[in-house]
Amino acid sequence: MSEVDDDAVLSDVEGQDETQQDGVGEDEKVQVCHLTQETISQGLSLLCRTGNGLGHAFVKLDLKDKGLNDIAAISSYIHIRFLDVSNNQLTDLSPLASLTQLLWLKVDNNLVEWFKGQPFAQLTYLQWLSMAVNRLTDLDGLVGPALETLNLTGNSIKRVTGLQSGCFANLVCLELRGNHLDTTDGINLPNLRRLYLAQNVIKHLVGLERLERLTTLHLRDNHLDTLEGLSPNMKCLQYLNVRGNAILDENALRWLALVSKTLRALVISDNPLVETTDYRLSVLILVPQLERIDKDPVSPEERIDARERIRELKEEEIPEP
């Protein structure tokens, strides 16, 4: 199955249920505790050879839902490669600095407020990181030379300064759903393939010309009234979701033509434009190669109508002798 097919089946609600924002209410009493050796022993699994091949060690540790506010005891478990500390009360991840073999780290639903002072510079092999539903407001201090997937859904991030290709050369999937972003500016990641920015307050598409390998752009439930900012440099874009924005008329769509060679699926429902115009025809005139608009495939009849309208428009442009 091609990449566009994989992305298409995700539909316009892609990813929205992946991370449950079921943090503890302010009035609820939460019993917090320090991490003990007993708790660690109960969470260990997946016995593997150590790096030198001379011994064996458990490399997977599950510590989710333990009420932890301190994980200092983890620092001696240097062979851990997969760690889940979700649904705790953590603010400080510095004990992870000695876990230099980490490949996969999940810290969802904790109380982390910033990346500065956290140990990510030491985690040079980390490929997958999820810190959804914490209290992050910016990305200062985050580095990830081996990161391929980064999930920061459900924080309070307003700017994405610092997302430079030099620090995230291998990043291919970035999730920033449910933050406070008002622009796409600052994402300078030429190798990025999938970008999820739904449920922000984005009004302007800026800097997208840097995303030359992006295949999926998800912008549902933002404040866009135009698609200005789409760029012909986006030579791989196949799936675009702008459902639930403020796109009012056909003129706001004309930038779709800049990505018409590769775009295969467009989700544009729940915009004012949809209620007032034959928007499917308007879209097909701009992007004749589309295979799907919203949930419905483009029909052969729609293609014929679009081609006829394109021919009429070209004839109108030819001046009379």
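This is a short tour of a predicted model, going from the whole chain to single residues.

**The whole protein**

Show everything as a cartoon to begin. The protein has five helices and 17 strands. Of its 321 residues, 46% are buried. The accessible surface comes to about 15700 Å², and carbon and sulfur atoms hold 49% of that surface. Among contacts with a separation of 6 or more, 40% join residues 24 or more positions apart.

**Confidence**

Colour the model by pLDDT. The mean for the protein is 89, and 89% of the residues reach 70 or more. Now select residues 1–27, where pLDDT stays under 50. The model has 49 contacts beyond four places in sequence for this stretch.

**The largest nonpolar core**

Select L83, F120, M131, L174, L217, L230 and L256. These are the residues that touch the most other members of the largest nonpolar core, which has 77 residues. Two elements give two or more residues to this core: helix 3 (272–276) and helix 4 (279–286). Helix 4 provides the largest share, three residues. In soluble globular proteins, nonpolar side chains tend to be buried together.

Keep L230 selected and show what surrounds it. Which residues is L230 in contact with, leaving aside its neighbours within four places in sequence? They are L208, L217, L240, W255, L256, L258 and V259. Two of these contacts, L217 and L256, are also among the core residues that touch the most other members.

**I40 in helix 2**

Move to helix 2, residues 37–43, and pick I40. Is I40 buried or exposed? I40 counts as buried because its relative accessibility is 0%, and the cut-off for buried is under 20%. Beyond its neighbours within four places in sequence, I40 is in contact with L35, L61, L63, A73, I74 and Y77. Add D62 to the selection and draw a distance between the C-alpha atoms: I40 and D62 are 8.1 Å apart in space, and 22 residues apart in sequence.

**Salt bridges**

The count of salt bridges comes to 11. Three pairs are visited here.

Start with R159 and D182, whose closest N and O atoms are 3.0 Å apart. This salt bridge links distant parts of the chain, with the two positions 23 residues apart in sequence numbering. R159 lies in the loop between strand 8 (149–151) and strand 9 (163–164). D182 is in the loop between strand 10 (173–175) and strand 11 (187–188). R159 is partly exposed, with a relative accessible area of 44%, and D182 is partly exposed at 28%.

Next select E175 and R177. Their side chains meet in a salt bridge, at 2.6 Å from N to O. Are these residues buried or exposed? E175 is buried, with a relative accessible area of 7%, and R177 is buried as well, at 2%.

Finish at helix 5, residues 300–317, and select R311 and E315. The two residues are four apart, about one turn of the helix. They form a salt bridge in which the closest N and O atoms are 2.4 Å apart. R311 counts as partly exposed at 38% relative accessibility, and E315 is partly exposed with a relative accessible area of 43%. Now add E308 to the selection: E308, R311 and E315 are linked in a network of salt bridges.

Terms used:
Residues numbered from 1 in each chain as written. Predicted model: local features only at pLDDT ≥ 70, side-chain atom pairs only at ≥ 80, totals over all residues. Heavy atoms only, no water. Core = buried A, V, L, I, M, F, W, Y, C linked by side-chain atoms within 4.5 Å. Buried < 20%, exposed > 50% of the residue type's maximum accessible area, 1.4 Å probe, protein only. Contact = heavy atoms within 4.5 Å. Areas by Shrake-Rupley, 256 points an atom, 1.4 Å probe, with all protein chains shown as cover. pLDDT = per-residue confidence, 0-100. Salt bridge = Lys/Arg side-chain N within 4 Å of Asp/Glu carboxyl O.
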